[in-house]
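Please open the model in a viewer and keep the selection panel at hand. The tour proceeds by selection, from charged pairs to cysteines and then to two loop positions.

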Amino acid sequence: FKELGNTAANSGLSVISVLGCRNLERFTGDNSNIKRLVLDGSKKLDLRTLKTFEGIETLIVNSCTYEMNLTEIGGLKNVKHIDFILCQVQVDLIHLKEYFPKIESLHISQMKKDYGMQLKELNPDVEITSDFFRLE
């Protein structure tokens with residue numbers, strides 16, 4: 001399938017794992033009931049469509065090659081933990097809480113330590129990690 005969405009129609013659903021859906025291109029509709037999303041191997045997915053998960057608290061994305069800037073999913077008001085592992089996600093030197101008011105931790109696996117330290121200076125109350133460092 002190319003689209004997945006309107007999960008709010010199933011009120012009991014709060015956790016989704018989307019694994020190996022190589023043809024998935026976008027999320028659609030109202031997915032605000034989902035609190036935790038694990039996404040792995042969706043090479044064609046437009047990561048900007050993650051914004052449809054307005055109630056998300058934990059977002060884990062692995063091996064999704066669509067290029068994106070983190071600010072493009074800004075506005076996820078409830079997200080506390082964001083992990084992008086082996087993804088093409090760029091992170092500007094920003095105040096993360098302006099985009100993600102409740103964020104507690106950000107993991108970008110490819111981020112270099114010197115850049116992470118600059119990001120940490122702007123965000124002292126957010127844990128910043130990568131495969132190379134951990135700044136608590």
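The salt bridges in this predicted model number 8.

**Stop 1: lysine 97 and aspartate 125.** Select lysine 97 and aspartate 125 and display their side chains, which form a salt bridge with an N to O distance of 3.6 Å. Distant parts of the chain are linked by this pair, whose members are 28 residues apart. Lysine 97 belongs to helix H1 (residues 96–99), while aspartate 125 sits in the loop that runs between helix H2 (113–122) and strand S10 (127–129). With a surface display switched on, lysine 97 is partly exposed, at 32% relative accessibility. Its partner, aspartate 125, is exposed, at 51%.

**Stop 2: arginine 134.** Move next to arginine 134. Which glutamate does its side chain meet in a salt bridge at 2.0 Å, N to O? The partner is glutamate 127. Now add glutamate 136 to the selection: the side chain of arginine 134 also meets this residue in a salt bridge, here at 3.9 Å, N to O. Arginine 134 is itself exposed, with 53% relative accessibility. As for the two partners, glutamate 127 is partly exposed at 24%, and glutamate 136 is exposed, its relative accessible area being 68%.

**Stop 3: a network of charged residues.** Select Lys2, Glu3, Glu25 and Arg26 together; salt bridges link these residues in a network. As a general point, opposite charge allows side chains to pair when their charged atoms come close.

Keep glutamate 25 selected from this group. Its position is in the loop between strand S2 (15–19) and strand S3 (26–28). Glutamate 25 counts as partly exposed, because its relative accessibility is 23%. Leaving aside residues up to four places away in sequence, the contacts of glutamate 25 are Lys2, Lys44, Leu45 and Asp46. Lys2 therefore appears both in this contact list and in the salt-bridge network, as the 23% accessible glutamate 25 is viewed with its surroundings. For a sense of scale, draw a distance between the C-alpha atoms of glutamate 25 and lysine 120: the separation is 33 Å, for two residues 95 positions apart along the chain.

**Stop 4: cysteine 64 and cysteine 87.** Select these two cysteines and show their sulfur atoms. How many disulfides does the model contain? The count is 0. Cysteine 64 has its closest cysteine sulfur in cysteine 87, at 5.0 Å, and this is too far for a bond. Cysteine 87 is likewise in no disulfide, the nearest cysteine sulfur being that of cysteine 64. Are these residues buried or exposed? Cysteine 64 is buried, at 0% relative accessibility, and cysteine 87 is buried too, at 7%.

**Stop 5: serine 63.** Finally, step to serine 63, in the loop between strand S5 (58–62) and strand S6 (68–69). This serine counts as buried because its relative accessibility is 17%. Display what surrounds serine 63: apart from residues up to four places away in sequence, it touches Asp40, Gly41, Ser42 and Lys43, together with Ile85, Leu86 and Cys87. The last of these contacts, Cys87, returns the viewer to the cysteine visited at the previous stop, which is in no disulfide.

Key
Residues are numbered from 1 along each chain as its sequence is written. This is a predicted model: local features need pLDDT of at least 70, side-chain atom pairs count only at pLDDT 80 or more; totals for chains, interfaces and linings use all residues. Side-chain values use heavy atoms; hydrogens and water are left out. A salt bridge is a side-chain nitrogen of Lys or Arg within 4 Å of a carboxyl oxygen of Asp or Glu. Helices (H or I, at least four residues) and strands (E, at least two) are DSSP runs, numbered from the N terminus. Buried means under 20% relative accessible area, exposed over 50%, partly exposed in between (1.4 Å probe, protein chains only). A disulfide is a pair of cysteine sulfur atoms within 2.5 Å. Contact means heavy atoms within 4.5 Å.
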